[in-house]
Amino acid sequence: MFGTLPVLLLITLLVFVLLHAAPGDPATMLLGQENTAADLAEAKRRWGLDQPVHVQYVKFVLSAATADLGRSFRFAAPVKEVIAERLPATIELAAFSILIAVVFAIPLGVAAGARPNSWVDNIGTSFGLFGISMPNFWLGIMLILLLAGNFHLVPSGGRSTYGIAGPSQTGFYFLDSVMQRNWAALKDAFLHVLMPALALGVNMIGILMRVTRSSVLETATEEYVVTARAKGLTERIVLWRHILSNALIPIITVVGLELGTLLSGSIIVETVFAWPGVGSLLITGVTSRDYPLVTGLVLMYTVAFVTINLIIDALYAFIDPRIRY
Amino acid sequence: MNRRQKLLLTGLTALLLITAQARPAEAQTRVSIGVTETMETYNPYGDSVSLLYGIWCQVMGCLGTYDFDKGDYVGMLAERWEVKDPNTWIFYLRKDIRWHDGSPFTADDVVHSFNRARNDPQSKQTQNIAPIASAAAVDKYTVRFTTKQPTAPLLEYLFDRLIITNKAVYEKYGAEADRKYPTGAGPYKFKELVPGQRFVIAKNPDYPGMKQLTQAPDEIIYRVMREDEQRVTALLNGEIQIAQFIPPHLRKRVESDPNTKATTVDSVEIMFLAMQPKPPFDKKEVRQAVCHAIDRDRIIATLLQGLAARLDGPIGPGQYGYDPNLKPKYDYSPDKARKLLAQAGYPNGVDVEIQTPVGRYTLDKQLNEAIAQMLNGAGFRAKLLTPEWATLWSNVQAGKTPFYYMGRGSIVDPSVALSQYFETGGSPRIGYSNPKFDKLLATERQTFEPAKRRKVLAEAMSLLTDDAPACFLWRHKMIYGMAKNIDYKPTPSGRIFGEDIRVLK
């Protein structure tokens, strides 16, 4: 775990330097068009932007060491609070996307891998290609036009309808509505998450399906699979117990990697669907040059990536007893 | 009915009951508005965008606003005001206003608000009170503002910009007050703010005159929807009743639906091409040649589909000090442009780089592609650059962009904007300097008699148009989509006040 500290330090340094090197600063971006030179200078002084960059960076690292990420200029609140407020939305969205992807991609991939070049394989592969090559912002707009516009199945965006759910206790709307036994709010939360989750998930279905397919194909040629068949086991048991369980390692790896990508992929999708998560937060942060917020967010993304990788590593040992750390 | 069916029926009934219970009492009328600005902070001083000034003004309160129908300023929390001497303004507050917690609204609150706008560490509104040296309560309902120097356009700075907040609540709870105890004095009450998602306000029947406005919505939900398609789809679906800023190409979709309509309003934002007086734009002839080279009428008729009004000077009809007798000075004439270029010493043309934001203003990139082509047809060799907004905007503010397409919004009284862009030392954005123009602006600021002031303003703007440090192009017409049962006339300033909305049965 301590090995990640230099990584975090390096990443914050990189973000800090890049952000400060980019033209523009929070004062010019946030004060409105009417600002005068005096207003700009005063705002910079108040926000500590008149100090040299290295001083600002050292100050940031020192306070970050005490888990204080500073105050956001744009939101007028501590960065930690701002992120904590938005994170549940992104986690909920990512969880749903991954659910959609796993539910569709794995059975499809297994079926395709079990019968290569059959019609299932052809359809699955075409669908996979469609998923991979579809830019998710475009898919998002198409979904809005189709599902919300033409069929009126789901709301066009946002995360909840005003007036249905009570005050949020956890930030996770699904959890809240179950805790409050507010089934209308549960349904509302589900309808809202469906479209953005689909826009994110379809992309993943493609990748995951292809990985599952090739992993299953590869494992199917192993000797123990031949043995299993020779023992007279049914094809179903051979496929699900002997092939799939051994083909899972690359699949889990990809799910883990994709989970990381989902966090970053949600930056665009969240903006298209007005989903108030950390992705849209990052866009707001970058366009307003909110240094503390952007640095805090990148730090959060890094920690999330590292944690996910750690969990995946632990999962390997769980799935394959031969792997021991 | 077997046991299984009974169980299912009981389950369904229970679910129905729970669902019915969970639904809160419906407000009588509720209007949702799809807006493009995002709302992020509970601090009324924490942002400087048009929409939020309007919302905070309704919830917290503000001294007054500009009535575009009347063409004049009207009081809100202030009943009337007077200029005692060129540096002293007295505002007489209404005595029948109460904060939403029942306590009376007084002059101390106004002084407190002035101090917060200036000193709050998160304030992004210091520019609104920049001309003011100090504020003091003369008595319970009278406030005195002392300006640093005579400032005739002071109301342009203060009205619907200086947000009035509750002194007692702030002193009791400090910075926590905004988030936990949002107590306003306006015609609408704070109900809910979900950052990045929505701002909900509810009618305050105790505000003078609100009871009579029976058709004004009981609840208004401002919903953040930055994506155009989403706003239009939500409007057609009935999720929202008003959609801000429909792009021209989606207008037909709104108009062809039987339940929705579209309406336009001239924006108060003026669009122009700014030219820094550095070579080749240090020569007046080159700047004038740019203005002659652009066929504004054709661009408006074709690319903008008629959704813009041509500007022949810095401002247009409805804005303070507009002179209807101003003759169109720059007709479209590539020949005149070429001649002017030759006079300036560029008979073989000249290289220029024009910079434009992308996606910030209506069709900005497309319009500038056309502008660049027209410049090329008139002796220029124009190259179009499209930097990211943050880069362009900060370069412009630092005076590093010689030739650019830009808008200046919120212009009701043009004095502040003219000073900012064109007065010597106003800002480095253009870096133009003309002592004659400076003198006219200084006179205008010290002239408190409206008719005289308009005359001086008109003279200043005429001088500016001739000297052409910028080529004034057009004001966009903004399209608003709305449900058929909504009667609302959008304001040119982009503020959306609940009192102006009527929900028809």
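Okay, let's start at one residue, Leu77(B). Leaving out anything up to four places away in sequence, Leu77(B) touches Gly61(B), Cys62(B), Leu63(B), Leu93(B), Arg94(B), Ile97(B), Phe105(B), Ile164(B) and Ala185(B). Before I go on, please keep in mind that this is a predicted model.

So where does Leu77(B) sit in the bigger picture? It belongs to the largest nonpolar core, a set of 198 residues. Leu77(B) is also on the short list of residues with the most contacts inside that core, along with Leu63(B), Phe272(B) and Cys471(B). Now, which element gives this core its largest share? That would be helix 9 of chain A, residues 183-219, with 16 residues. So we began in chain B, and the top contributor turns out to be a helix of chain A. Apart from that core there's another one, of 20 residues, including Phe60(A), Ala77(A), Val294(A) and Leu297(A). As general background, nonpolar side chains in soluble globular proteins tend to be buried together.

Let's take the chains one by one. Chain B has 16 helices and 20 strands. Why call chain B compact? Its radius of gyration is 26 Å, and the globule rule gives 23 Å for 505 residues, which is close, so chain B is as compact as a globular protein of that length. If you box up its C-alpha atoms along the principal axes, you get roughly 95 × 65 × 40 Å. Of the 505 residues in chain B, 52% are buried. And if you take the contacts in chain B with a separation of 6 or more, 70% are between residues 24 or more positions apart.

Over to chain A, with 13 helices and two strands. Its C-alpha trace spans about 85 × 50 × 40 Å along the principal axes. Here 43% of the 325 residues are buried. For contacts between residues at least 6 apart in sequence, 71% join residues at least 24 apart.

Last stop, the place where the chains meet. How many residues are in contact there? It's 49 from chain B and 47 from chain A. On the chain B side, the elements that each supply at least two residues are helix 1 (3-22), strand 9 (198-203), strand 10 (219-224), helix 7 (228-237), helix 13 (389-397) and helix 14 (415-422). Helix 13 of chain B gives the most, seven residues. And what's that side made of, by class? You've got 18 nonpolar, 21 polar and 10 charged residues on the side of chain B that touches chain A.

That's my tour, thanks.

Definitions and conventions: Residues are numbered from 1 along each chain as its sequence is written. Chains are lettered from A and ligands numbered from 1 in the order in which they are written. This is a predicted model: local features need pLDDT of at least 70, side-chain atom pairs count only at pLDDT 80 or more; totals for chains, interfaces and linings use all residues. Helices (H or I, at least four residues) and strands (E, at least two) are DSSP runs, numbered from the N terminus. A residue is buried if 20 or more other C-beta atoms lie within 10 Å of its own, exposed if 12 or fewer, and partly exposed in between; C-beta atoms are placed from the backbone. Two residues are in contact if their C-beta atoms, placed from the backbone, lie within 7 Å. Ala, Val, Leu, Ile, Met, Phe, Trp, Tyr, Cys and Pro count as nonpolar, Asp, Glu, Lys and Arg as charged, and the others, Gly among them, as polar. A nonpolar core is a set of buried Ala, Val, Leu, Ile, Met, Phe, Trp, Tyr and Cys residues joined through C-beta atoms within 7 Å. The radius of gyration is taken over C-alpha atoms; the globule rule is 2.2 Å times the number of residues to the power 0.38.
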